[in-house]
Amino acid sequence: MITPVLLLQPAQNLPKFPESPTVWMPLDASVTAHDVDWLYMFMVYGSLIFAAGIFAAMVYFVKTYRAKSRVANEHAEPSSEHNTTLEITWSIIPLLVCVALFVWGFQGFVSLRTPPKGAMEIQATGQKWKWLFDYPHGTEDALHVPVNRPVRIVIHSVDVLHSLFLPNFRVKMDAIPGRYTDLWFQATQAGDFPIFCAEYCGTSHSDMLAHVIVHPPGEYEKWLAEQKRKMEDIPLPELGKLLYSKQGCSTCHSVDGSKLIGPSWKGAFGRTEHFTDGTSTAVDENYIRQSIMDPQAKIVESFPPSMPTYQGKLSDRQLLGIIEYIKSLK
Amino acid sequence: MASPSTTADVVAPPRSPDSDNYLTHEKGFLSWALTLDHKRIGIMYLTSVLAAFALGGTFALILRTELLTPGKTIIDHDTYNQMFTLHGAVMVFLVIIPGIPAGLGNIVLPLQLGAKDVAFPKLNLASYYLWVLGAIFMITSLVMNAADTGWTFYAPYSTTTQTAVAPAAMGAFILGFSSIFTGLNFIVTIHKLRPPGMGWFRLPLFVWALYSTALIQVLATPVIGITLLMLIVERLLHIGIFDPALGGDPVLFQHFFWFYSHPAVYIMVVPGFGVIGDIIPVFSRKRIFGYKFIAVSSLAIAFLGFLVWGHHMFVAGQSLLAGSIFSAITFLIAIPTAIKVFNWITTMYKGRIHLDTPMLYALAFLWVFTIGGLTGVFLAVMSVDVHLHDTYFVVAHFHYVMMGGAITAMLAGIHYWWPKATGRMYNEKVGRLGALIVFVGLNVTFFPQFILGSRGMPRRYYNYLPEFQPLHQLSTFGAYVLGLGFLMTAVSLIRSVMKKPDAPANPWGSRTLEWTISSPPPYYNFKTPPPVTRGPYDDYETLVYDEKIHGYVEKSA
């Protein structure tokens, strides 16, 4: 065991798939999903027919040509051992099917990889073990988009590989540190859909879940304005509490004293922390600020050095909010 | 018939306790530990591989048990991650890659060529001890603080996690050399040690498959070796190769890794094709249909297998052009694979089919491999792969191919050559029941995973959304059935070694050379290289079943 066990994230926040009309796929909710599903179902039925043929031949031959016993010493009936026409036929037909599948798959892939001009852009960041999405007012832990508008997500990672997977939109793209990747989709209906991390990223890979909130027409702009007002108006400790969940702090720091990946915030302010370099200090405003901006500078003993920096991601008011929130957790 | 000088062996006189064969020729621990006899090395390999299979299988059962509920069932997050890593690494590097070539191939290949041994017997023993050393490294990682990277060792996670990645990677590195040694040995053996009259198109299909496999082993394995070495260097010396924090490129690792690991998929499954190609004609009492197509398609698969690694990276930011080339070549592999399946099925047409245990496994192979192959086509279609990539659909697909293809074929081969290798017959009823249980267990375990995957369940997940639970439970139930099938088979095979009856020289009425000598084979196999005058699946009519010895003899004898 290397890292302390991370507890299940709060059950009430688990994303949920909307009811799907088929057993094969989740509900399709983007403009490109229909093409993918059509091709998928084509292959399901094609495979069923192909496999049924193979299995039927197998079962029929076994039944018809079953030997009675070893003692009977039966011999095979005379039949040809080679037939070039047959070999060529059963090479060419699958080849033609494969060419068709390749072309359809390629066309579908091109449209998945080509965002329409003028698509709205949102930055997504993968980090252990949280997705963060950038908006004018700051980051959010859910992806908010308007319905019926193409959205391009620019993806990167701050630590290891992750993969942004939106099953209802049939899109997925790896998040790679040091590189930008992207995906696009256009939601066809409003609702709340799941996001998964699809590339293994360590301890809490399977808890790296998020929501896509698709807003009905007109609602998205209202939501943006509301968030902006919130960030400016609410009292500092409440702002800190909001950021605690939206910035991914809650993944590693508890507020009830339990030990997660990082030290708990409960009673942290004023507590004396001992560091891996042998020094120690009492937690004050400057220490908190340093821990957020340059987290590798001082590592509290018995915790892994796994926190990413928040340099450039938080405004001064937001930093103050977090400091005040920690102070309030006695 | 092979040679007049071996006719005496064909009749297989009842074995007396002092009769000389490779098992009784020498005694004592060192006579095994330092043996240069390919058959003994094969037995040691097979035993070790099956022990590793039991370990990897135990991991699998613990993993499946954990997945009975969406949250914690029996183990925590990190233990789960370590366990699926070791399950994958053990099954790939310790079991499936060496299983058929180094285990069964070592025993059978020289016998099928009428040779006294492989070309380089000492290299062969060295290969076995490298396997042991590699296994020790893997177990060291397990004991220290098991690696939690997945068997793919993707950077930069693998270069930054605090678990014991270096010993596990070192283990895989050493196992690579073990694999190269076997491959090299087999290539030379097949080129140089064929008996008079055995041209390339008179080779048993198992030999063709081992030849294709050996080419991949020798050409592709060095790449994983150097890649893992670079990974270790980056971890220990912080030289930036793959980790962007040190100036490296994590996608480069994926290219290197799959440049080996995709061809390695064919190292795993092509030998299985060979086993099936040998079994189906014997148990259909009929010459194989389309021999040349089957033989050459193995080579085609080996060649094309080198050019498709990028299909593992359709959503890793690879360019559209690169992706489409990889996708197109991937489809091409479907053709030689389909040709093989068609030819095997056609071989049964108008035959006289005996449903003994090896044939039941071969039929099970045809079934599950067809499903594994067809679902591979789904993943080659780029737009569909975007959705299915890294979900349980992929897990189901490669388990159908690896577990359903490679392992089922290995079991077919083990049951087929068991009488030859051990000199004992196993209980046929238990063998058949085992085959049935394994077949049912396999489908119940892995078929639900296709649906889980296309419904969006990502792989390597410890927790999952509650709506996936029923399918996960069904899959776990199947895994228990599968475990039961393997356990029963293992017990039956072990019991057979301790009990009578003795096996005849040729229990199935096969035509390849290994069945012309006694069971178990004499220490030197063949006194002289037997001249070959016909193909490996010709003239089944000239063999008659002799009830007294429960085996086949030449009509003239």
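Colleague: Which domains does the domain assignment give for chain A?

Modeller: Keep in mind that this is a predicted model. The assignment splits chain A into domain 1 (33-65 + 83-113), domain 2 (120-229) and domain 3 (234-328).

Colleague: And what separates the centres of domain 1 and domain 3 of chain A?

Modeller: Taken over C-alpha atoms, those two centres are 56 Å apart.

Colleague: OK, on to the contact with chain B. How many residues come from each chain?

Modeller: Chain A puts in 81 residues and chain B puts in 80 residues. On the chain A side, helix H1 (33-64), helix H2 (84-113), strand S6 (162-166) and strand S7 (171-175) each supply at least two residues.

Colleague: Which element gives the most on that side?

Modeller: H2(A) does, with 15 residues.

Colleague: How do the residues on the side of chain A that touches chain B divide into nonpolar, polar and charged?

Modeller: That side of chain A has 50 nonpolar, 17 polar and 14 charged residues.

Colleague: S6 and S7 came up there. What order do the strands take in their sheet in chain A?

Modeller: The order is S4-S10-S9-S6-S7, five strands in an open sheet with mixed pairing. Strand S4 (143-146) and S7 of chain A stand at the edges, each with a single partner strand, so each has one side with no neighbour in the sheet. On average, neighbouring strands of this sheet are turned by 25 degrees against each other, direction ignored.

Colleague: Do S4(A) and S10(A) run parallel or antiparallel, and over how many bridges?

Modeller: Parallel, with four bridges joining S4(A) to S10(A). If you want to find the spot, A:His144 has A:Ile213 in S10(A) as its bridge partner. Helix H3 (residues 219-233) of chain A packs on the sheet there, touching S4 and S10 of chain A, and its direction makes about 140 degrees with that of S4(A).

Colleague: What about S9(A), is that strand enclosed or open?

Modeller: Largely enclosed by the rest of the structure, because five of the seven residues of strand S9 (residues 191-197) of chain A are buried. S9(A) is joined to strand S10 (residues 210-215) of chain A by five bridges, running antiparallel. In that pairing A:Asp192 stands opposite A:Ile213 in S10(A).

Colleague: How many bridges are there between S6(A) and S9(A)?

Modeller: Two bridges, in the antiparallel sense. A:Leu164 is the residue that stands opposite A:Cys197 in S9(A).

Colleague: Which strand does S5 of chain A pair with?

Modeller: Strand S5 (residues 150-157) of chain A pairs with S8(A), antiparallel, over six bridges. The bridge partner of A:Pro150 in S8(A) is A:Gln186. Strand S8 (residues 181-186) of chain A has five of its six residues buried, so the rest of the structure largely encloses it.

Colleague: Switching to chain B. How many residues of H12(B) are buried?

Modeller: 24 of its 24 residues. The length of helix H12 (residues 357-380) of chain B agrees with expectation too: at 1.5 Å a residue its 24 residues should span 34 Å, and the end C-alpha atoms are 34 Å apart.

Colleague: Last one: where is B:Gln254, and is it buried or exposed?

Modeller: B:Gln254 lies in helix H9 (residues 250-284) of chain B. It counts as buried because 25 other C-beta atoms lie within 10 Å, and the cut-off for that is 20 or more.

Colleague: Which residues is B:Gln254 in contact with, leaving aside its neighbours within four places in sequence?

Modeller: B:Tyr154, B:Met313 and B:Ala316. Also, B:His312 is 58 residues from B:Gln254 along the chain, with 8.5 Å between their C-alpha atoms.

Methods. Residues are numbered from 1 along each chain as its sequence is written. Chains are lettered from A and ligands numbered from 1 in the order in which they are written. This is a predicted model: local features need pLDDT of at least 70, side-chain atom pairs count only at pLDDT 80 or more; totals for chains, interfaces and linings use all residues. Two residues are in contact if their C-beta atoms, placed from the backbone, lie within 7 Å. Ala, Val, Leu, Ile, Met, Phe, Trp, Tyr, Cys and Pro count as nonpolar, Asp, Glu, Lys and Arg as charged, and the others, Gly among them, as polar. A residue is buried if 20 or more other C-beta atoms lie within 10 Å of its own, exposed if 12 or fewer, and partly exposed in between; C-beta atoms are placed from the backbone. Two strands pair if DSSP finds at least two bridges between them. Axes are lines fitted to C-alpha atoms, for helices over the stretch in contact, and angles run from 0 to 180 degrees between N-to-C directions. Domain bounds come from an automatic or database domain assignment. The expected span of a helix is 1.5 Å times one less than its number of residues.
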